[in-house]
Amino acid sequence: MIKLVIFDLDGTLIDAYKAIAESFNYTMQQLSLPQQSFLAIKKAVGWGDEALLKPYVPPKIIPLALRIYRGHHKLSLLRGARLIPCARKILLKLRKRKIMLAVASNRPTQFSLLLLRKLKIRKYFDYILCADKLKFRKPHPQILNSIVRKLKVEKSQTLYAGDMAIDAETGRRAGIKAFIILGGSSSKAEIIKENPCKIVKNLCGMLGAIDAG
């Protein structure tokens with residue numbers, strides 16, 4: 001029986017790709033660096049904002065780029081982020097089943113909380129943990145291991161829901177079943193290589209997938 005569901009944020013519960021792309025290209029513009037396409041930026045999402053910028057910004061100015069990006073991102077998230085269809089419905093139904101909920105995100109804590117509050121879903125979660133509070137980022141299993149210890153739940157009673165190949169890898173390395181929802185930053189082929197427990201077409205189908213085991 002599932003007692004805990006841990007969710008990734010971007011691409012899983014929240015669509016913030018437009019806001020991310022706006023902040024990314026604003027940063028590039030301010031630094032007189034080449035802007036990138038929406039698809040290229042979306043593909044690079046999921047590893048944290050510093051990892052997003054590193055391939056495109058000279059190492060010496062990464063701290064400056066991060067300040068510009070994060071300053072702009074506070075505003076772009078408020079304008080552009082939205083819930084993925086069925087997100088609120090899924091969270092409400094899981095809570096009604098007395099299942100604990102948590103967030104595991106590579107996104108910095110301040111922006112994760114900003115999103116959760118702006119979209120009015122913070123109240124559903126028992127615990128939120130982001131990679132800036134840890135030594136390692138996903139796909140290292142530290143974040144999932146820390147959450148199950150905090151909430152005192154067995155891994156066999158835990159499910160991790162994400163949208164990327166690194167989410168599948170994180171779940172596998174932690175020994176926690178990973179359900180991967182298509183439509184995020186990774187292709188289906190990339191996800192399959194990481195051998196998740198299940199691949200779900202969209203978030204709306206997640207409850208059925210949980211019930212099916």
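**Helix α8 and its surroundings: questions on terms**

Modeller: Glycine 175, just after α8, has a positive phi of about 75°. This is a predicted model, in which local features need pLDDT of at least 70 and side-chain atom pairs count only at pLDDT 80 or more, while totals for chains, interfaces and linings use all residues. Residues are numbered from 1 along each chain as its sequence is written, and side-chain values use heavy atoms, with hydrogens and water left out.

Colleague: What makes a run of residues a helix or a strand?

Modeller: Helices are DSSP runs of H or I with at least four residues, strands are runs of E with at least two, and both are numbered from the N terminus. Helix α8 spans residues 165-174. The protein comes to 10 helices and eight strands.

Colleague: Why is alanine 165 called buried?

Modeller: Buried means under 20% relative accessible area, exposed means over 50%, and partly exposed lies in between (1.4 Å probe, protein chains only). Alanine 165 has 15%, and is therefore buried.

Colleague: How do you know that α8 is mostly covered, and what do its buried residues pack against?

Modeller: Eight of the 10 residues of α8 are buried, including Ala165, Ile166, Gly171 and Ala174. They pack against α7 (142-151), β6 (158-162), β7 (177-181) and α9 (188-193).

Colleague: Which residues is alanine 165 in contact with, leaving aside its neighbours within four places in sequence?

Modeller: Contact means heavy atoms within 4.5 Å. By that rule, alanine 165 touches Ser186, Glu190, Ile191 and Glu194. Asparagine 195 is 30 residues from alanine 165 in sequence and 8.9 Å away in space, C-alpha to C-alpha.

Colleague: What makes β6 and β7 a pair, and in which sense do they pair?

Modeller: Two strands pair if DSSP finds at least two bridges between them. β6 and β7 have four bridges, in the parallel sense, so the requirement is met. Glycine 162 has isoleucine 180 in β7 as its bridge partner.

Colleague: What is the hand of the crossover from β6 through α8 to β7?

Modeller: This β-α-β crossover is right-handed. The term applies if, with the strands pointing away from the viewer, the path from the first strand over the helix to the second runs clockwise. β7, α9 and β8 also make a right-handed β-α-β unit.

Colleague: How many bridges join β7 to strand β8?

Modeller: Three bridges join these parallel strands, with β8 comprising residues 198-200. Three satisfies the pairing rule, and isoleucine 199 in β8 is the bridge partner of isoleucine 180.

Colleague: What makes a set of residues a nonpolar core?

Modeller: Its members are buried Ala, Val, Leu, Ile, Met, Phe, Trp, Tyr and Cys residues joined through side-chain atoms within 4.5 Å. The largest such core has 55 residues, and Phe7, Ile14, Phe125 and Met206 touch the most other members. A second, separate core of 15 residues includes Ala102, Ala104, Val148 and Val153. In soluble globular proteins, nonpolar side chains tend to be buried together.

Colleague: How does the radius of gyration of the protein stand against that of a compact globule?

Modeller: The radius is taken over C-alpha atoms, and the globule rule is 2.2 Å times the number of residues to the power 0.38. For 213 residues a compact globule would have a value near 17 Å; the protein has 17 Å, which agrees.
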